[in-house]
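Hello,

Here is the structure I promised to pass on to you. Have a look at it first, and my notes follow below.

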Amino acid sequence: MKRKNIAVCVTGYNWEYESRVVMGINDKCAEFDVNLLIFATLTQRPSLNLNRILPESVVRGEEEIFRLINYDIIDGIIILGDSLIEEKIIYEVADRAAEMNIPVVNVNDPPHKLFRNVILSDKNAMEYVVRHLVEDHGLTKINFIGGFPGNLQTEERLAGYKKVLTEHNIPIEESRIAYGEFWTKARECTKQFIDSGDIPEAIVCASDTMAIFCMDHLQERGFSIPEDIIVTGFDGIGDCERYSPTLTSVRRGFVRAGAAAVELIYDIWNGRETAESIEIESEMVIMQSCGCVSKKKKLTFDFMSDRYNYENDSKGFDTDIHAMNTDFAAVTEAPELFEKSAVFGDFFKLKRMFICLCSNIVQDVSKLNEENIISSFRGISDTMVNMFSYNSDVPVGRNFPSAELVPEDVLNGERAVAFAFSPMYFKDSFLGYIAYEPSSFKGYGEHFATWLMILSNNTGCFFMNKKLELVVNQLEDLYVRDPLTGLFNRRGMSKFGVKLLEKAKADDSFIIVVCSDIDNLKPINDLYGHEAGDNAILRTAMAISKAMPENSVNVRTGGDEFCSVLSGCHEEDMQQIIDRIGNYLDEYNSTSELPYKVGCSCGFYRMKASETDSIEQVAAFADEEMYKVKLRKKAMRKM
C-alpha cells in the first residue's frame, strides 16, 4: 500500500510553541509510517500589543510557500492556525482540501474553528499551580502578576488564581494583584509587593518571562528563591530550564496536541467517528523555584553547559554568516551563491537539503526583456531548478516540476520521512524555497530564519543586479545607437571602432574602413517626402548590416552617410562585400513597387593597423575612394 502523506502549515517556526507541536506530529507520523511535509514560513506574527505592521511584500512572499502544497499527493492537513500571519490562508487551504476530500485539523485556533480542531486548553492550568502552592506547600499569602488588564489570557489565568483561593477560603486581596504587561513591568510589580511591607510567600506569574524578571528583582533585593519567596511562571519556555533557580511553570500540551491532530486524521482515514474538537489540558512542570526540586540535586541535564554550547555555536554561526556575505561580493554566476551552504547544513544538523529556485528566476540574462524587468509579484513557477544539494547526488541545474516538491523521490523510500519547505523571496518576487530534512525539531529556529533571509536577500540582489546590468546595457545602447537604423552613431564608432583598431594592432593585422553614401537621397525627400527618405536610409542600413562580417562596426555618421570598420579582410574580399550591398538593394528595388530606387556608393581603404593611430585617418582615405565611385556613377549617367 502506498504510504500516506500529511502536510503541516505553520508560521514562526520556534521551539517555544510551533516546534513542540510539530515534534508531536512527527513522532505520531513515524509511529503510523506516514510521511510528513511541513510548509513553514520564517516570519512570526507580530506579538501581542506590538504595534508592528508587516510589509505587504513580506506577507506575500511568506504565504506563497503554502501554495506549493500539491493536494494530489496529500492525504491529510494540519494547520497551526493561530500562528499564521494571514487568516485567509487557513480558509484557502481548508477549502482546497475540502474539494479534494482531504481531512483538515486546525490546532490551537478557537477563532477559526474548522470541521476538526485540537484546542490547547488553559482553563485549569493556573489552578494547577495555585492548588500546588496551597495544598502541597500550605501557603496562603500568594500574589499574582498578570499581563495586560482585560487581556483574555490574563483574565483566564487570574480567574483560575481566584477560584483556588476561594475554594480554600483564602481572602482575595486586590493589593496582591498587579499587571506586568507580559514583560519588564513585572519588576515594578515585584518592587511594589516588597515595598508594601506585606511580603508574599509566593508570587504566581501569568508568563515565564514575567516570572524571570520577578526573580531578577527579588534576588537583587537579597531574597532567596524558593527559601524566602516561591515564584512560578506560565508557558514552560526554554529559559525556565536555563535560569537559576530553574522555574516551576505550566506548559501547554504542545507535543500531545500535535499527536492528537495526527490521531484525528488517522481515525478519519479508518472510518472511525471523531469529535469536532479535542481539548488538550496543560501540564505542571516542577522545577527548583517552588522548592520541590532541590537546587543541590544533580539534574539529568547540564543547563550551564547547554547554554555555553548554544552561545559558542552562535558565535560560529555569526562567523559563517559574515563569510557568506563577504563571499557574495565576488559572485558572478548564480550557483556560486549557494556553494558554502553545506556549512549551514552541518550547523543545523540537516539530513538532506535542496535549494530550489523558480525556473523563471534562473534564466539567461539575454532572455530578460523590458516586460519581465518591470513586473508585478511573481509566485511559484511550474518548474523549479535545483541550485544546491546537501547529502544528495542530485546535480545542480536539474529542472523538475514544482508539484514534485523536491528534485528526487524522497516520499517512497523504505521509511517515512519528514521534509520541510521554507520560502525564499525578495521584494516583489518569490524566488523559490529550501527543502530540508531535519534531524530534530528543536534548536536553532531563529538562526535558521536569519540564514535563509540573508541568503534570500543575497539571491534577490544577485538577480536584481543582473537585471540592472541589462537595463544599463540597454541605456548605453541607446547612447551609442542611431534610433532610426539601429546602427552605431559617431559615439559608437569612437567606442567600438577604437577597440577593433586596438585588436587589429595586437593581431598585427589590417584595419579596413568602408564609407557608403546614399544615392539621390535629396530628390527622394523632395519628391516623395521624408518618410520615403527615411525608408531609403533604413534599407541602406539593412543592406550594410547584412553584407558586413559579423565582427564589423557599422555606423550611421550623418544623414545619408555610413561608415563600417572591419579588420583582417583581404583586398579581394572587400569588393565582394560591397557587391553584396548593391545586390541587396537591387533585389529590394525589384519587389518594392515604389516610384524611386534606393542605391548607394561605397568606397573602402585598407591599411596596416600599426601604421595609424585613428579610425578617422583611415575613414578619410575611404571617403575619398567613395567619392571617386560617385563621380564615376555621375559620368556614366551623362553618357
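Please keep in mind that this is a predicted model. I will start with the loops and work towards the cores.

P245 lies in the loop that runs between α8 (239-242) and β10 (249-251). The peptide bond leading into this proline from S244 is cis, with omega near 0 degrees. There is also a cis bond from I225 to P226, where omega is near 10 degrees. P226 sits in the loop between α7 (208-220) and β9 (230-232). As you know, most peptide bonds are trans, and most residues other than glycine have a negative phi.

That second point brings me to F182 and E593. F182 has a phi near 60 degrees, a positive value in a residue that is not glycine. You will find F182 in the loop between β7 (177-179) and α6 (185-195). E593 also has a positive phi, of about 60 degrees, and is not a glycine either. Its place is the loop between α17 (571-592) and β21 (600-608). Are these two side by side in their surroundings, buried or exposed? F182 counts as buried, at 15% relative accessibility, whereas E593 is exposed, with a relative accessible area of 76%.

Next, the cysteines. How many disulfides does a search of the whole structure find? The count is 0. C358 takes part in no disulfide, and the nearest cysteine sulfur, in C356, is 9.6 Å away. C358 is buried, with a relative accessible area of 0%. For C515, the closest cysteine sulfur belongs to C563 and is 4.3 Å away, which is too far for a bond, because a disulfide needs the two sulfur atoms within 2.5 Å. C515 is buried as well, with a relative accessible area of 7%.

Finally, the interior. The largest nonpolar core has 99 residues, and the members that touch the most others are F39, I77, I78, F421 and W451. Helix α13 (residues 445-480) contributes the most to this core, with 8 residues. If you want one residue to centre your view on, try W451: leaving aside residues up to four places away in sequence, W451 touches F317, I321, M324, S341, F344, F348, M353 and I434. A second core, separate from this one, has 45 residues, including V130, I170, C189 and C240.

Happy browsing, and do write back with any questions.

Best wishes

How values were computed:
Residues are numbered from 1 along each chain as its sequence is written. This is a predicted model: local features need pLDDT of at least 70, side-chain atom pairs count only at pLDDT 80 or more; totals for chains, interfaces and linings use all residues. Side-chain values use heavy atoms; hydrogens and water are left out. A nonpolar core is a set of buried Ala, Val, Leu, Ile, Met, Phe, Trp, Tyr and Cys residues joined through side-chain atoms within 4.5 Å. Buried means under 20% relative accessible area, exposed over 50%, partly exposed in between (1.4 Å probe, protein chains only). Helices (H or I, at least four residues) and strands (E, at least two) are DSSP runs, numbered from the N terminus. Contact means heavy atoms within 4.5 Å.
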